[in-house]
Amino acid sequence: MTGKGHRLTGLGAAFIAAAIAKIAGLDVFLQTASALVAAVSTSLPDWVEIPYYRKGVRTGSLIKHRTYTHWPWIWVGLMYWGFAVKELEGAAMIGAATGALSHILADAPNPMGIPWIHPLQRIRLGKKGWWRSGRNETVLVSLFTVFGVSIWVQVNPDNVFAQGLTQLTQESVKQINVVLQPLVQNFITYLSSNVHF
Ligand SMILES: [Zn+2]
């Protein structure tokens, strides 16, 4: 994923972090803090590598690219630690971990892969990776945002905003069904009159 793509996943990551902070037992203020930290942490694994640039182009980094900082378990550990620490520091840890994990997840399908198990051993998904960095970005970011919001709605069923969203989703599903039903019916009728078994 490109830098811009990573930054745009900040919205989905914010909702997920708020949900996780609530599960951790943090109050609304700390949930918001987690969300804000997550929103600005979706590029964290790339810049803690301490990259150096020549004429605006990244030429290398102090920590080898996509190794320790892209090892998911470090961030899972940080989140676990955040659960124990609570308070503002805990909220920040949960937010940073959520942002970083979103980043790593977005990097994972690229040909370069990410180190799933050993921090220095990147694993590629499939033979050539699923897609190159920058591909499918709009779809991925949109899906991730919907995913994040729906997680947050699940965790906050009593929130007025969440209730509104749930109702809106149910209405749209109903509308889609109304449109799809005759189409599906026509298709079945068509099949049964044209295909002879
Ligand atoms: Zn990265």
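Helix H2 and helix H3 cross in a right-handed sense, and this predicted model is a good one to walk through helix by helix. The axes of H2 and H3, the latter spanning residues 28-39, come within 7 Å and cross at roughly 150 degrees. Angles over 145 degrees count as roughly antiparallel, so H2 is roughly antiparallel to H3. If you would like to pick out the contact on your screen, look on the H2 side for Gly 10, Leu 11, Ala 13, Ala 14, Phe 15, Ala 17, Ala 18, Ala 21 and Lys 22, and on the H3 side for Leu 30, Gln 31, Thr 32, Ser 34, Ala 35, Ala 38 and Ala 39. By class, these residues divide into 11 nonpolar, four polar and one charged.

Staying with H2, which covers residues 10-23, we can turn to its packing against helix H7 (137-155). Here the axes are 7 Å apart and the angle is about 20 degrees. An angle under 35 degrees counts as roughly parallel, and therefore H2 is roughly parallel to H7. The crossing of this pair is left-handed. H2 contributes Leu 11, Gly 12, Ala 13, Phe 15, Ile 16, Ala 18, Ala 19, Lys 22 and Ile 23, while H7 brings Phe 144, Thr 145, Phe 147, Gly 148, Val 149, Ile 151, Trp 152 and Val 155. The contact has 13 nonpolar residues, three polar and one charged.

Next, have a look at H5, residues 72-85, which packs on H6 at an angle of about 160 degrees with the axes 8 Å apart. That angle makes H5 roughly antiparallel to H6, and H5 passes H6 in a left-handed crossing. Among the H5 residues in the contact are Trp 75, Met 79, Trp 81 and Phe 83, and H6 offers, among others, Met 93, Ile 94, Leu 101 and Ile 104. The class count for H5 with H6 is 14 nonpolar, two polar and two charged residues.

From H6 (87-107), the chain leads into the loop before H7, and Gly 126 is found in that loop. Is Gly 126 buried or exposed? Gly 126 counts as exposed, because it has 10 C-beta neighbours inside 10 Å, and the cut-off for exposed is 12 or fewer. The C-alpha atom of Gly 126 is separated by 9.9 Å from that of Asn 110, with their positions 16 residues apart along the chain.

Finally, let us step back to the whole protein. Its domain assignment gives domain 1 as 3-156 and domain 2 as 158-197. The C-alpha centres of these two domains lie 34 Å apart.

Terms used. Residues numbered from 1 in each chain as written. Predicted model: local features only at pLDDT ≥ 70, side-chain atom pairs only at ≥ 80, totals over all residues. Domains from an automatic or database assignment. Helix = DSSP H or I, 4+ residues; strand = E, 2+ residues; numbered from the N terminus. Buried ≥ 20, exposed ≤ 12 C-beta atoms within 10 Å, placed from the backbone. Axes fitted to C-alpha atoms, helices over the stretch in contact; angles between N-to-C directions. Parallel < 35°, antiparallel > 145°, perpendicular 65-115°, else oblique. Left-handed = near helix turned anticlockwise from the far one by under 90°. Contact = placed C-beta atoms within 7 Å. Nonpolar A, V, L, I, M, F, W, Y, C, P; charged D, E, K, R; others polar.
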